[in-house]
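Please look over the sequence and the model shown here before reading the briefing that follows. The notes go through its empty spaces, its sheets and its packed helices in turn.

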Amino acid sequence: MQRQLRCLIAAGGTAGHVLPALAIARALNERGVHVTFAGSPDRVEARLVPEAGYELDTFRISGLPRRPSVALARALMQAGAAPRACRRILRSRQPDVVLGAGGFVAGPMVYAASRLGIPTALTEADAHLGLANRLAAPFARRLFLAYPLTTRFAAKTRVVGRPIPPAEPVSKGEARALFELPDDGPVLGVFGALAGATALNEFAVATWGERGPAVLHQTGRRDFEHVLERVRRPDYRVIPETDRFAAALTACDLVVARSGSSVWEIAAAARPAILVPYPYATGDHQALNAQHFVDAGGALIVREADLAQVPLLVDGLLADPARLARMGDAMRVAARPDAADVIADELVALAG
C-alpha cells in the first residue's frame with residue numbers, strides 16, 4: 001500500500017498568515033494528505049492551529065530589530081538555532097513536502113527542508129515580496145503569489161490569489177440575525193486586523209458611536225472593551241472577533257477595513273470596500289494590496305492621515321445602491337476563491 005502523503009506547513013506571527021495556511025491544510029486533507037504545522041509557541045498560531053484540530057511543533061524565532069540592541073542579539077541567536085530545531089521537527093514528522101506560509105517561522109523551515117532534500121514552496125500574501133521570503137526563495141521550488149509582482153524568482157512563481165477559509169453560505173437576513181443587526185436599512189462593516197487596529201477603531205466609534213448607519217464593528221480583543229463602553233445606540237454592534245467572518249461580511253453593504261490578507265475574504269464576499277492601509281507596513285505593502293482592488297473597480301483607498309474623508313464617502317456610497325452593486329461585482333471578479341485548491345494541487349505534485 002502507498003504511504004499517505006505528509007505535508008508540514010510553517011506559518012505564524014499573525015492571523016493573516018495562519019488562517020490562509022489553515023485553508024490550504026483543509027484543501028490538502030480533502031486530497032488525502034496528512035498535515036501538521038510548525039510555528040512559534042507564543043504567537044497566534046499556538047491558539048489557532050490546535051483549535052482547528054492540527055498538531056503544532058514549535059520553535060523560537062523572531063524578527064530582526066533594525067537597530068543594535070539586546071533584542072537584536074537575542075533574535076540573531078534564535079535565528080542561528082532555528083535551522084537545527086527545524087531539522088529535528090522534519091526528521092520526526094518526515095514530510096513529503098514543506099510549505100512556508102508566512103511569518104518568520106517559514107524561512108528556517110524551508111531552508112532546513114531543502115538541505116534535507118524535501119521539496120519546498122512558499123506563499124507571499126502581499127503585493128511586495130517580504131524580506132523573509134526574499135531570503136527563503138532560493139531554497140523553494142515554488143513561490144505562490146497573491147498579487148502579480150516583479151521578482152528575480154519569476155521562473156518559480158505562480159499568481160494564485162490568497163487562500164480564504166471555507167465558509168457556510170448564509171443569506172443577508174440570516175447573517176444580520178446572527179449578529180443582532182436590523183433587518184432593514186444599510187449596514188456598515190468596520191474591520192481591523194484580528195489583533196486590532198486602534199486608529200481605525202477609535203475613528204469608527206467617534207464617528208458613528210452615537211448616530212449614523214447601523215454598524216458591525218470587529219475591534220480585535222485589545223480594543224473591545226474600550227470601544228464598547230463608548231457606543232450609545234443598539235444598532236452599533238461591537239464584537240472582539242468572530243469565526244463567522246464570511247457571515248459578518250454578508251451582513252454588511254459596505255466595508256471599511258485594513259488591507260491585509262483579509263481583503264481577499266472581502267472580495268470573495270463581493271463587498272465594496274473603503275480600504276485604509278496600515279501606514280507602517282513594510283514596503284507600504286498594504287497600500288499596494290489596496291491598489292489592486294481599487295484598479296479592479298471594487299474599492300476606494302484612503303490613507304490613515306485622511307480618515308476625515310471617510311464619513312462623506314460612506315454616506316455617498318450607502319446612498320447609491322447602484323454604485324455599491326457595481327463595486328461588489330468588481331470585487332467578486334477580482335477574488336480568487338480557488339487559491340487554496342490550486343496550491344494544494346501543486347503541493348501534491350511536488351510531493352510526488
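How many cavities of 30 Å³ or more does a search of the whole structure find? The search finds one, where a cavity is a set of points on a 1 Å grid over the protein atoms alone at which a 1.4 Å probe fits but cannot get out. This is a predicted model, in which local features need pLDDT of at least 70 and side-chain atom pairs count only at pLDDT 80 or more, while totals for chains, interfaces and linings use all residues. Residues are numbered from 1 along each chain as its sequence is written, and side-chain values use heavy atoms, with hydrogens and water left out.

**Cavity and pocket**

- The largest cavity has a volume of about 30 Å³, a volume being the space filled by probe spheres set on grid points that are joined across faces, edges and corners.
- Its lining, made of residues with an atom within 4 Å of a point, consists of Leu 5, Arg 6, Cys 7, Leu 28, Val 33, Val 97, Leu 347, Val 348 and Ala 351.
- The elements that give two or more residues to this lining are β1 (6–10) and α14 (339–351), and α14 gives the most, with three residues; helices (H or I, at least four residues) and strands (E, at least two) are DSSP runs numbered from the N terminus.
- Eight residues of the cavity lining are nonpolar, none is polar and one is charged, where Ala, Val, Leu, Ile, Met, Phe, Trp, Tyr, Cys and Pro count as nonpolar, Asp, Glu, Lys and Arg as charged, and the others, Gly among them, as polar.
- The second largest pocket holds about 400 Å³ of space, a pocket being an open set of points with protein on both sides within 12 Å along at least five of seven lines.
- Of the 21 residues that line the second largest pocket, Ile 164, Pro 165, Pro 166, Ala 167 and Pro 337 lie nearest its centre, and the lining as a whole divides into 15 nonpolar, one polar and five charged residues.

**The sheet of seven strands**

- An open sheet of seven strands follows the order β3-β2-β1-β4-β5-β6-β7 with parallel pairing, and two strands pair if DSSP finds at least two bridges between them.
- Because β3 (56–58) and β7 (157–159) stand at the edges with a single partner strand each, one side of each is left without a neighbour in the sheet.
- Strand β6 (residues 142–145) runs parallel to β7 and is joined to it by three bridges, and Phe 144 has Arg 158 in β7 as its bridge partner.
- Helix α14 lies across β1, β4, β5, β6 and β7 and runs at about 180° to β6, with angles running from 0 to 180 degrees between N-to-C directions and axes being lines fitted to C-alpha atoms, for helices over the stretch in contact; contact means heavy atoms within 4.5 Å.
- Helix α1 lies across β1, β2 (34–39), β4 (97–100) and β5 (120–124), running at about 160° to β2.

**The sheet of six strands**

- An open sheet of six strands has the order β10-β9-β8-β11-β12-β13, again with parallel pairing.
- The edges are held by β10 (236–239) and β13 (299–301), each with a single partner strand, so one side of each lacks a neighbour in the sheet.
- Four bridges join strand β9 (residues 214–218) to the parallel strand β10, and His 217 stands opposite Val 238 in β10.
- Helix α12 (residues 310–318) lies across β8 (187–191), β11 (254–257), β12 and β13, and runs at about 160° to β11.

**Two packed helices**

- The axes of helix α7 (residues 198–208) and α12 come within 11 Å and cross at roughly 60°.
- Phe 203, Thr 207 and Trp 208 in α7 meet Val 310, Pro 311 and Val 314 in α12, and these contact residues divide into five nonpolar, one polar and no charged.
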